[in-house]
Amino acid sequence: MTGTTGTAPSKDHGTTGPTGTALGAPAERREGRQKVTGAARYAAEYALPGRAHAWPVPAAVARGRVTGVDTSAALALPGVLAVLTPGDAAGLAAPEDGTLAVLRSADVPHRGWCVALAVAETPETARAAARAVRVTYGTEAHHVDLTEDAPGGYEPDEVAGGPGRVEHGDPEAAFAAADVRVDVTYRVPPLHNHPMEPHATTAHWEGDRLTVYTSSQGGTTVRATLAQLFRLPEERITVVAEHVGGGFGSKGTPRPDVVLAALAARHTGRPVTLAYPRRLLPTVVGHRAPTVQRLRLGAGTDGRLTALLHEVTTHTSHVREFVEYAAVVSRVMYATPALLSTHRVVPLDVPSPSWMRAPGEAPGMYALESAVDELADALGTDPVELRVRNEPRREPGSGKPFSSRHVVECLREGARRFGWAGRDPRPGVRREGPLLVGTGVAAATYPFQVAPSTATAEARPDGTFVVRVNAADIGTGARTVLAQIAADALGVPLERVRTEVGHSDLPPAPLAGGSCGTASWGWAVHEACARLAAHPEEGPTVHADTTGEADADSPYARHAFGAHFAEVAVDTVTGEVRVRRLLGVFAAGRILNARTARSQFTGAMVMGLGMALTEHSTLDPAFGDFPESDLASYHVPVHADVPDIEADWLDEDDTHLNPMGSKGIGEIGIVGTAAALGNAVHHATGIRFRELPLTPDRIL
Ligand code: MOS
């Protein structure tokens with residue numbers, strides 16, 4: 001199913017090691033059967049003896065202070081063990097991440113903030129108790145509206161580890177002098193990660209030893225955070241995250257559930273499970289912050305860019321600064337002598353935004369790739385050709401050479417397979433009864449990121465091997481691909497390798513985030529296994545640590561790239577946009593498991609489809625939080641929304657990454673998808689919609 005195509009350097013799929021190990025082969029997920037039979041245990045399913053349940057009480061005001069908490073009615077309910085109130089966490093050390101400062105003080109920074117926690121014998125009783133708690137507030141005026149001129153905004157010095165602003169040449173003057181100009185503003189609403197498994201923790205104290213079973217993308221960080229908050233040495237804390245039902249960034253940092261569960265367990269002397277109810281998730285999981293993005297593209301009549309200005313306005317909370325770094329993509333994509341890429345962030349009385357799959361890149365490429373399509377229209381140039389014409393030789397923002405870049409090959413191969421050639425560029429002319437049909441294209445990019453990791457490889461007397469690393473398998477197949485990497489490095493069949501992940505007794509490892517998990521853990525796994533294979537006498541257990549290698553600065557700009565092609569039919573009677581075809585072609589280094597990689601790509605493309613057409617959170621100006629608090633009101637795509645969807649890739653041989661030659665694949669699939677769909681809607685209807693999602697009420 002994979003294509004070794006285009007002009008990209010290629011490797012054979014399923015490269016075989018000395019004894020027939022297939023790295024790249026479509027190995028099945030090792031825990032798949034456990035998951036579909038219910039044998040896999042998730043955080044809330046550790047039914048420890050005597051375990052109690054907690055339920056949060058969300059703040060009912062958007063800004064102010066708790067002036068009183070009356071717990072008498074709640075405590076009078078049979079089966080209620082305790083109600084924790086503001087101040088009960090005052091003895092903990094102050095967290096670095098303000099979203100974890102729950103029950104420390106009476107301040108309410110946003111609606112939904114946890115102001116009390118009921119603990120009871122059953123979840124039902126805990127819920128009833130939470131509802132019986134009477135909280136009174138002193139309120140202050142709140143502001144949750146993001147506008148381009150919202151007061152209090154500032155330019156952050158740093159976003160995503162880089163500068164908040166990049167400016168080359170004289171962008172304003174270059175834009176003013178351009179032959180052809182596009183000056184447009186695109187808007188992306190707040191979006192929410194709704195993993196199938198909610199944020200959940202079961203916490204258990206034995207003396208001064210704490211064990212948490214928690215739903216997390218990175219148990220190593222959870223342990224360090226709990227150690228700091230509870231003033232414990234890390235050795236006294238065990239963090240188990242064996243199976244994780246999705247995260248999409250929302251479980252990349254510890255969330256209040258783990259702090260509250262540990263606090264409640266200590267307070268009651270019982271194991272306590274806190275599984276966040278779906279309706280409270282939108283205020284605690286973080287969200288993709290809304291962005292207002294002004295794009296100015298100036299070009300010569302030859303279609304070459306002379307100016308690219310990308311200015312992003314976004315919001316953060318008063319609890320924690322998070323900047324949706326949407327303008328960084330403009331530093332990567334196109335050659336231009338004059339470049340401006342800036343961010344302005346406005347602190348509002350809103351729940352704290354955070355990572356949601358391809359934070360920055362996903363909204364940023366929606367705006368940039370839509371604007372590029374508008375420029376293609378203005379020039380009368382084919383949008384694939386326009387992109388090819390503006391291909392940079394070095395990364396525009398940094399001036400670094402690319403370690404590998406095959407965006408043109410992805411565009412060409414995608415165009416070939418999609419049947420792009422001969423496309424009638426005129427918008428709004430393909431009618432099928434009440435339907436208008438159109439096609440669109442957009443490019444994709446996501447940075448290669450890698451972090452130091454440790455791992456061990458053990459040779460067992462029976463000829464099998466065990467690889468250990470505290471990786472998180474958030475549904476991606478991490479266990480499986482790590483076993484493939486190990487088997488390849490050891491030169492043994494896959495069946496002889498077992499992997500252990502998701503437990504803090506295992507060697508420390510970075511989180512499953514930033515599409516860096518496999519690239520980072522795999523490096524340490526590869527190193528341990530390669531050494532064990534070369535020097536069996538060092539065994540039976542070899543320990544590897546990639547600190548110093550994995551965190552070394554690279555002289556190369558390292559990114560994965562891709563291209564999306566979409567066909568839509570727009571119903572002129574109902575305003576409904578139906579996707580007919582979606583094709584993504586990616587170049588992401590070496591693909592390590594064809595089956596799980598395809599699943600990552602298509603899964604992210606479906607999420608991009610949701611971003612384009614169905615997903616939408618609104619900030620209610622009166623109440624200050626999100627009305628779309630469940631899956632009946634926050635619409636993620638269902639099977640009926642998802643058409644013939646295809647993902648494929650060009651193999652890249654990039655020696656500047658890690659020993660596997662792999663880039664990340666978790667996030668790039670969502671980058672650019674919404675732009676391809678929006679561009680197809682324009683091609684179908686002749687109308688530019690510049691605000692997502694493209695729901696029927698907007699289309700009509
Ligand atoms: Mo990703 S949003 O870094 O899990």
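1. Let's start with burial. In this predicted model, buried residues make up 59% of the 700 residues in the protein chain. The overall dimensions fit a globule: a compact one with 700 residues would have a radius of gyration near 27 Å, and the 26 Å found for the protein chain agrees with that. If you rotate the C-alpha trace onto its principal axes, you will see spans of about 75 × 70 × 50 Å.

2. On secondary structure and contacts: the protein chain holds 15 helices and 30 strands. Among contacts with a separation of 6 or more, 82% are between residues 24 or more positions apart.

3. The largest nonpolar core has 221 residues, and within this core A118 and A486 touch the most other members. For A486, setting aside residues up to four places away in sequence, the partners are A457, F465, V467, V497, V525 and C529.

4. Now the domains. The assignment gives domain 1 as 1-40 + 400-449 + 551-700, domain 2 as 49-141 + 196-284, and domain 3 as 451-545. The centres of domain 1 and domain 2 are 36 Å apart, taken over C-alpha atoms. Ten residues from domain 1 and nine residues from domain 2 take part in their contact. On the domain 1 side, the touching residues are four nonpolar, three polar and three charged.

5. Have a look at T283, which sits in helix α7 (residues 281-284). T283 counts as buried because 26 other C-beta atoms lie within 10 Å, where 20 or more is the cut-off. Beyond its neighbours within four places in sequence, T283 is in contact with P58, H110, R111, G112, P351 and D625. Its C-alpha atom is nevertheless separated by 36 Å from that of L297, which is 14 residues apart from T283 along the chain.

6. Helix α10 (residues 407-418) is worth a close view. Its twelve residues should span 16 Å at 1.5 Å a residue, and the end C-alpha atoms are indeed 16 Å apart. Ten of the twelve residues are buried, so α10 is largely enclosed by the rest of the structure. Charged side chains belong to this buried group too, including E409, R412 and E413. The cover over the buried residues includes α9 (383-389), β23 (435-447), β28 (559-571) and β29 (577-587). After α10 comes G419, with a positive phi near 80°.

7. Helix α14 (residues 673-685) invites the questions put to α10. Its 13 residues should span 18 Å at 1.5 Å a residue, which agrees with the 18 Å between its end C-alpha atoms. Here 13 of the 13 residues are buried, so α14 is largely enclosed by the rest of the structure. G686 follows α14, and its phi is positive, near 80°.

8. Two cis peptide bonds deserve a check by eye. One runs from G539 to P540, with omega near 5°; P540 is in the loop between α12 (517-534) and β27 (541-545). Another joins L692 and P693, with omega about -5°, and P693 lies in the loop between α14 and α15 (696-699).

9. Finally, some backbone angles. F248 is not a glycine, yet its phi is positive, about 55°. F248 is found in the loop between β16 (237-240) and α6 (256-268), and it counts as buried with 29 C-beta neighbours inside 10 Å. S515, also a residue other than glycine, has a positive phi near 50°. The place of S515 is in the loop between β26 (497-500) and α12, and its 27 C-beta neighbours inside 10 Å make S515 buried.

How values were computed. Residues are numbered from 1 along each chain as its sequence is written. A nonpolar core is a set of buried Ala, Val, Leu, Ile, Met, Phe, Trp, Tyr and Cys residues joined through C-beta atoms within 7 Å. Two residues are in contact if their C-beta atoms, placed from the backbone, lie within 7 Å. Helices (H or I, at least four residues) and strands (E, at least two) are DSSP runs, numbered from the N terminus. The radius of gyration is taken over C-alpha atoms; the globule rule is 2.2 Å times the number of residues to the power 0.38. Domain bounds come from an automatic or database domain assignment. The expected span of a helix is 1.5 Å times one less than its number of residues.
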